[in-house]
Amino acid sequence: MKVLVKVPATTANLGPGFDALGLALNLWNETEFVATNDRKIEVAIEGEGAGILPCDANNSIVDSALQIFDRAGKSCNGLRIRCLNRVPLGSGLGSSSAALLTGMLGANVLLGNPFTDEEILKLAIETEGHPDNVAPAMLGGLVASIVYEDRVISLKLPARANRSPIHVTIVLPDFDFPTKQARAILPKQVDRKDAIYNISRAVLVTEALRTGDLELLGKAMSDALHQPYRIPLIPGAQAAIDAAHHAGTAAVALSGAGPSLIAFSSKEDPAVGLAMKRAFEQAGLQSRTFELGTSYEGAEVTII
Ligand code: HSE
């Protein structure tokens with residue numbers, strides 16, 4: 001049996017929705033799984049991460065697939081995995097969540113679906129440690145998550161961006177800024193005024209995405225809990241944000257924990273990406289630009 005798993009890139013936080021909001025983007029990793037009986041684990045990688053990611057049991061898709069075999073009480077007699085990766089690694093576009101879900105969903109189907117989608121989502125969130133990439137990658141669209149008692153509730157919200165996608169420009173500077181480091185530098189306690197700043201804006205970000213009101217999005221998409229600590233550590237990031245505004249984008253934020261930036265516009269405008277790219281160049285960093293839409297669809301599994 002051959003299984004194809006498609007998982008989208010995601011942008012987390014959306015400015016003020018730190019660890020709570022996430023949006024699926026129209027950029028997909030596609031991975032084929034074949035169960036074999038030769039006791040070998042083979043991974044072939046094309047695209048992002050080729051030549052860098054491990055192709056053995058240390059691969060994170062393999063690791064999460066084996067987690068599902070273990071949980072189901074089954075042994076894995078061999079796996080052949082072929083990855084076509086489009087989500088850049090360590091970019092703030094949810095590549096680690098995509099890998100995690102890919103492995104779990106692929107293994108689950110190979111085993112005859114011992115776990116429901118809800119159980120897979122719960123397990124992936126527990127493994128990742130925060131829900132705001134995993135949940136939109138699984139469900140698609142704009143997703144809000146809360147921790148309720150000992151579990152996470154993730155809800156796909158109505159959003160105009162889901163039906164007629166808002167255009168997003170991602171600019172990814174060539175700068176190593178691991179999520180672990182980006183989380184470690186954040187203060188453990190926050191000021192009440194910063195909490196209020198974010199709560200009020202996060203609500204309006206969801207409303208702006210629901211109605212497609214980009215002007216409101218621009219006013220609401222700022223943050224006091226993580227961006228002020230992270231942006232100064234990414235050379236050129238503040239200048240790139242200013243340049244994107246100057247070039248006419250409606251709203252800009254750090255995508256997830258960075259280092260990429262995400263700019264929202266009503267239609268594709270190359271001037272926005274170019275302005276951001278120049279700002280990073282002036283800070284000595286090369287960058288890559290991705291012109292994308294949002295995705296109403298989440299992860300998809302097909303038996304081929
Ligand atoms: N909410 C997480 C963070 C996203 O900002 O640390 C990481 O991709």
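# Briefing: Ile 61, an open sheet and ring contacts

Ile 61 lies in helix H1, which spans residues 60–71. The model is predicted. This briefing covers the surroundings of Ile 61, then an open sheet of 4 strands, and then the aromatic pair and two charged ends that sit over rings, those of Lys 6 and Arg 201.

**Ile 61 in helix H1**

- Ile 61 has a relative accessible area of 6% and therefore counts as buried, the cut-off for that class being under 20%.
- Beyond its neighbours within four places in sequence, Ile 61 makes contact with Thr 31, Phe 33, Ile 81, Cys 83, Ala 99, Thr 102 and Gly 103.
- Gly 106 is 45 residues away from Ile 61 along the chain, and the C-alpha atoms of the two are 9.1 Å apart.

**The open sheet**

- The 4 strands of this open sheet run in the order S8-S9-S7-S10, and their pairing is antiparallel.
- Strand S8 (251–254) and strand S10 (287–292) are the edge strands, each of them pairing on one side only.
- From one strand to the next, the twist averages 20°.
- S10 pairs with strand S7 (residues 167–173) in the antiparallel sense, over 6 bridges.
- Pro 173 has Ser 287, in S10, as its bridge partner.

**Helices packed on the sheet**

- Helix H10 (residues 237–246) packs on the sheet and touches S8 and strand S9 (261–265).
- The direction of H10 makes about 165° with that of S8.
- Helix H11 (residues 270–282) also packs on the sheet, where it touches S7, S8, S9 and S10.
- The direction of H11 makes about 15° with that of S7.

**The aromatic pair**

- Searching the whole structure gives 1 aromatic pair.
- The pair is formed by Phe 175 and Phe 177, with 6.3 Å from centre to centre and 35° between the planes.
- The pair is classed as tilted, because planes under 30 degrees apart count as stacked, over 60 as edge-to-face and the rest as tilted.
- Phe 175 is partly exposed, at 26% relative accessibility.
- Phe 177 is buried, at 3% relative accessibility.

**Charged ends over rings**

- Lys 6 places its charged end over the ring of Trp 28, 5.3 Å from the ring centre.
- Arg 201 has its charged end over the ring of Tyr 197, at 3.5 Å from the ring centre.

Note on methods
Residues numbered from 1 in each chain as written. Predicted model: local features only at pLDDT ≥ 70, side-chain atom pairs only at ≥ 80, totals over all residues. Heavy atoms only, no water. Helix = DSSP H or I, 4+ residues; strand = E, 2+ residues; numbered from the N terminus. Buried < 20%, exposed > 50% of the residue type's maximum accessible area, 1.4 Å probe, protein only. Contact = heavy atoms within 4.5 Å. Pairing = 2+ DSSP bridges. Axes fitted to C-alpha atoms, helices over the stretch in contact; angles between N-to-C directions. Phe/Tyr/Trp six-rings, centres within 6.5 Å; stacked < 30°, edge-to-face > 60°. Lys NZ or Arg CZ within 6 Å of the ring centre and 35° of its normal.
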